[in-house]
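Here are a few short exercises to work through with the model open. Try each one yourself before reading the solution.

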Amino acid sequence: MRLSANGIAIEVEDHGPAGGEPLLLVMGLGMQLVAWHEGFVAQLVARGFRVIRFDNRDIGLSQGFDHLGVPNLALDSMRHLVGLRVKSPYTLADMADDAAGVLQALGIESAHVCGASMGGMIAQHLAVRHPARVRSLTLVMTSSGSRALPGPSLKVRGALLSRPADPSQVASIVDHYVALYRLIGSPAYPPEEGSLRERLDFSVRRSFRPQGTARQMVAIAADGDRSSWLGRIAQPVHVIHGEADALVPVAAGRDLAARIPGATLDLVPGMGHDLPAALWPRLADGIAGVARRAR
């Protein structure tokens, strides 16, 4: 269903019993709500949650912002690397307001929140900008944005900035994403090739909006370092990070947990920058555990 949230149209899916504890899932850079696998959602519903997943602005079936133009990623990446200010068409704080707007549109006063990667950055803003909306916070494979932290290798940076060989062909786009997943995914939990391609094919056919991904990428760069205000997060927080994450190195997870008072930390051996099926029970238990602390 499409809702009006924060003044824009956001695509939302609502799973589980209406009386379950609300859990808002916030996905990462360029990723659609379907990146929260139905099997993982089912495990969360089985733990008593009413699970809400949505497409962030500019991605999937939510409202686009093509009228704001396409950023020069190479130039903006260079400015970010040398510490110069990056201008973005919209901000991660705007996207946090979108998330709060989704809850408001659904008539949900407050919810547990789980954010992955960029979604974890948005969730940090949500917890500070709309504290009454957030019961607990689970931050997965994300970062404080501190410039002191190690970043991805040049190979990974290059892969993020690369494009499919033929953006007009679904098969070429899927090949591109398969290569990226192989580079940043979990080395201890590699996905089966056929199922990975099937899911990526479904995702690309649902929506392919590289310009939106570019604008989101610039929003991340423009957001910068959140370290100075993370201590203001008062809700129970659980941090989950893969020890083999090639995109957001594990030091970011340790740093994030250290900066948020009372945060718990689960470092997962062999996990990269994805959500492998073998780890769904562990991830779901972590979310359920911090929800219990919030009660």
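Contact here means heavy atoms within 4.5 Å. Keep in mind that this is a predicted model.

**Exercise 1.** Place Ser136: which strand holds it, is it buried or exposed, and what does it touch beyond its neighbours within four places in sequence?

*Solution.*
- Start with the strand: Ser136 sits in S6, residues 134-140.
- Next, burial. The relative accessible area of Ser136 is 1%, and the cut-off for buried is under 20%, so Ser136 counts as buried.
- Now list the contacts, skipping neighbours within four places in sequence: Ser136 meets Ala111, His112, Val113, Gln235, Pro236, Val290, Ala291 and Ala294.
- Finally, look at His112: its side chain and that of Ser136 are joined by a polar contact of 2.7 Å.

**Exercise 2.** Do the same for Leu3, then work out which residues it contacts outside its neighbours within four places in sequence.

*Solution.*
- Leu3 belongs to strand S1, which covers residues 2-5.
- With a relative accessible area of 16%, Leu3 is buried too.
- Its contacts, local neighbours aside, are Ile8, Ala9, Ile10, Val12, Val102, Ala105 and Leu106.
- Take Leu106 from that list: it is 103 residues from Leu3 along the chain, yet their C-alpha atoms are separated by 8.4 Å.

**Exercise 3.** Which residues of the largest nonpolar core touch the most other members?

*Solution.*
- That core has 41 residues, and the answer is Leu24, Val102 and Leu137.
- Follow up on Val102: beyond four places in sequence, Val102 contacts Leu3, Ala5, Ile10, Val12, Leu24, Ile52 and Phe54.
- Another core, of 24 residues, lies apart from the largest one and includes Val41, Leu44, Phe49 and Val51.

Methods
Residues are numbered from 1 along each chain as its sequence is written. This is a predicted model: local features need pLDDT of at least 70, side-chain atom pairs count only at pLDDT 80 or more; totals for chains, interfaces and linings use all residues. Side-chain values use heavy atoms; hydrogens and water are left out. Helices (H or I, at least four residues) and strands (E, at least two) are DSSP runs, numbered from the N terminus. Buried means under 20% relative accessible area, exposed over 50%, partly exposed in between (1.4 Å probe, protein chains only). A nonpolar core is a set of buried Ala, Val, Leu, Ile, Met, Phe, Trp, Tyr and Cys residues joined through side-chain atoms within 4.5 Å. A polar contact is a pair of N or O atoms within 3.5 Å; within protein, one must be able to donate a hydrogen and the other to accept it, and residues adjacent in sequence count only if both atoms are side-chain atoms.
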